Amino acid sequence: MGKGGAISENVLKKVLLSYAYVAIWIFLSFSVIVYNKFILDQKMYNWPFPISLTMIHMAFCSSIAYLLVSVFKVVEPVSMSRELYFKSVVPIGALYSLSLWFSNSAYIYLSVSFIQMLKALMPVAVYSIGVTLKKDKFKSDTMANMVSISLGVAVAAYGEAKFNSKGVTLQLLAVAFEATRLVMIQILLNSKGISLNPITSLYYVAPCCLVFLSVPWLIMEYPLLRDNSSFHLDFVIFGTNSLCAFALNLAVFLLVGKTSALTMNVAGVVKDWLLIAFSWSVIKDTVTAINLFGYGLAFLGVAYYNHSKLQALKAAEGQKKAQQADEEAGRLLEEREGNERKIDSQK
């Protein structure tokens, strides 16, 4: 087979692998969301203890991450002082614990489809908090796009057949804390040259989450579990649920590492539509035409936002390459002039 055929095979292999990573991530993300809904919903498994469920996830994930990083050394740890850990990682752990707690709590009150629609507000929250904390610059066109996304979500909420104000409040708080966490990662870690992949993130952050969540758990859920004589921990249900949650983090590691964060964003849109379809067809949640129209508006806004970010990244990359080319040309010119001076001095 010729050189062109070999190149085509390599390209085809890379494309197929990329699709495989996307499919694995969508499947696992889909599974974790539906599984959590199944456990927490009072009409299904009926175990309405979101803090306990989150703590089980964090205990399982931190244990596996510890084995991978410290025992088997599959993943390299990040060099980090104790001061940096308490000033940077601990606040991020606190925000993550609140985000997970409120997000899981929302499954008790809202349908899977409506939760995915509310999650479309994530770019709005990230941008707004980024501007507030001076991490992003205010741009009128970007803000107009954020308003269009918010309007779409508001229309979807207006059309929700089983609107629950408590559930909506919990999900909006989850979005706010998650957006703050993402911005604070840039401020507290990335700006200091520290980059955590999903495994090292769990290694450092999950134990913090466990500690923070133990406080509301002792006050709100432990007394109920203690007094409930019929309670027993189903190791098959919670074990497989925790395994799915950890596998999802591995899938994120593969997807972002082998493709890009933008690919994950696009895959996330596909996953959201699949979840809405699943929620309507299998779980039998009510999805109205107004729901879909509102989410369609929000979806277009999110798609435009992702496109704008891609264009900005391409422009920045092109500028960086041009700067490197100019520096290389300047270096070569200096070497040439130096060689010419040597030749002139030897004459």
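The questions and answers below concern helix shape and helix packing in a predicted model. Residues are numbered from 1 along each chain as its sequence is written, side-chain values use heavy atoms without hydrogens or water, and local features need pLDDT of at least 70, with side-chain atom pairs counted only at pLDDT 80 or more, whereas totals for chains, interfaces and linings use all residues.

User: On which residue is the kink in H8 centred?
Analyst: Helix H8, where helices are DSSP runs (H or I, at least four residues) numbered from the N terminus, covers residues 198-227 and spans only 37 Å between its end C-alpha atoms, against 44 Å for a straight helix of 30 residues at 1.5 Å a residue. A bend at a residue is the angle between axes fitted to the seven residues ending there and the seven starting there. H8 has a kink of about 60°, and its centre is Trp 217.

User: How does H2 run relative to H8, roughly parallel or roughly antiparallel?
Analyst: The axes of H2 (residues 50-71) and H8, being lines fitted to C-alpha atoms over the stretch in contact, with angles from 0 to 180 degrees between N-to-C directions, come within 7 Å and cross at roughly 155°. Because angles over 145 degrees count as roughly antiparallel, the orientation of H2 to H8 is roughly antiparallel.

User: How do H5 and H7 pack, and at what angle?
Analyst: Helix H5 (residues 122-132) and helix H7 (residues 165-188) have their axes 8 Å apart. Their packing angle is about 50°.

Note on methods: Helix = DSSP H or I, 4+ residues; strand = E, 2+ residues; numbered from the N terminus. Expected span 1.5 Å × (residues − 1). Parallel < 35°, antiparallel > 145°, perpendicular 65-115°, else oblique.
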